[in-house]
Amino acid sequence: MIETERLILRKPRPSDYAALYAMWADPLMMADLGPVKDDAASAATLARHDSYRHEGLGFLTVERKSDWAVIGFCGLKRGDPPHPIAGEVEAGWQIARAHWRQGYALEAMTAALKWGWESFDVPRIVAITAARNVASRAMMARLGMTRLADGDFEHHAFAAGDPLRHIVTYSIDRP
């Protein structure tokens, strides 16, 4: 568990699923991330993150302290093959649309990165997003990440011609 002034980041539990599934089913929320998810795809996402837990990784539920609302999913995981970042510690975040522009992603990810540096002996932490995802790229910059000149790649999960296929990579070196 990671705690900030306004948030608790913790392992997902079944009572979180409705809020997380709703977030992943929102077309505007997913516009720069990938296709909307049905319940089966949402369950698969949670299962994939559970597969990282033996290392202490896997994204966490973002819960707001003021009302215990589940507002997002973020943290650190292992970069997946066949991507160039496979095996590296990868940061990521998703905050439900109703909670955008309130500083929650920055607060959560600042704490997650601090926890990552304390927990893992890695030289850097990376993050990836679609090149067109201006909001995520701005967040990466606010977190102190810089774009890797050699970090662009085509994401295998998106068809040729899909605007989400072209991925950029950012990183932050160990402080």
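Trainee: Where is tryptophan 68 found, and is tryptophan 68 buried or exposed?
Mentor: In this predicted model, whose residues are numbered from 1 along each chain as its sequence is written, local features need pLDDT of at least 70, side-chain atom pairs count only at pLDDT 80 or more, and totals for chains, interfaces and linings use all residues. Side-chain values use heavy atoms, with hydrogens and water left out. Tryptophan 68 is in the loop between strand 3 and strand 4 (helices, H or I of at least four residues, and strands, E of at least two, are DSSP runs numbered from the N terminus). With a relative accessible area of 52%, where buried means under 20%, exposed over 50% and partly exposed in between (1.4 Å probe, protein chains only), tryptophan 68 is exposed.

Trainee: What is phi of tryptophan 68 near, and what is phi of arginine 101 near?
Mentor: Most residues other than glycine have a negative phi. Arginine 101, which sits in the loop between strand 5 and helix 4, is exposed at a relative accessible area of 79%. Phi is positive in tryptophan 68, near 65°, and positive in arginine 101 too, near 60°.

Trainee: Which peptide bond is cis, with omega near 5°?
Mentor: Most peptide bonds are trans. The cis bond leads into proline 82, a residue placed in the loop between strand 4 and strand 5. With omega near 5°, the bond concerned runs from proline 81 to proline 82.

Trainee: Which element gives the most to the largest nonpolar core?
Mentor: This core, a set of buried Ala, Val, Leu, Ile, Met, Phe, Trp, Tyr and Cys residues joined through side-chain atoms within 4.5 Å, has 33 residues, and those touching the most other members are Leu9, Ala91, Trp93, Leu113, Ile125 and Met145. At least two residues each come from several elements, including strand 2 (7–10), strand 5 (89–95), strand 6 (124–130) and helix 5 (134–142). With eight residues, the element that gives the most is helix 4.

Trainee: How many residues does the other core have?
Mentor: Apart from the largest core lies another, which includes Leu20, Phe59, Val70 and Phe73. The number of residues in that other core is 11.

Trainee: At what angle do helix 1 and helix 3 pack?
Mentor: The contact (heavy atoms within 4.5 Å) is made by residues including Tyr17, Leu20, Tyr21 and Trp24 of helix 1 and Ala43 and Leu46 of helix 3. Helix 1 (residues 17–24) and helix 3 (residues 39–50) have their axes 10 Å apart. The two helices are roughly perpendicular, because the angle falls within the 65 to 115 degrees that defines this class. The packing angle is about 115°.

Trainee: Which residues does histidine 49 of helix 3 contact, leaving aside neighbours within four places in sequence?
Mentor: Histidine 49 lies in helix 3 and, at 2% relative accessibility, counts as buried. Leaving aside neighbours within four places in sequence, its contacts are Leu57, Gly58, Phe59, Phe73 and Lys77.

Trainee: What distance separates the C-alpha atoms of aspartate 152 and proline 84?
Mentor: Aspartate 152 belongs to the loop between strand 7 (146–147) and strand 8 (153–154), and with a relative accessible area of 31% it is partly exposed. Not counting residues up to four places away in sequence, aspartate 152 touches Arg147, His166, Ile167 and Val168. Proline 84 is 68 residues away from aspartate 152 along the chain, and their C-alpha atoms are separated by 8.9 Å.

Notes
Axes are lines fitted to C-alpha atoms, for helices over the stretch in contact, and angles run from 0 to 180 degrees between N-to-C directions. Angles under 35 degrees count as roughly parallel, over 145 as roughly antiparallel, 65 to 115 as roughly perpendicular and the rest as oblique.
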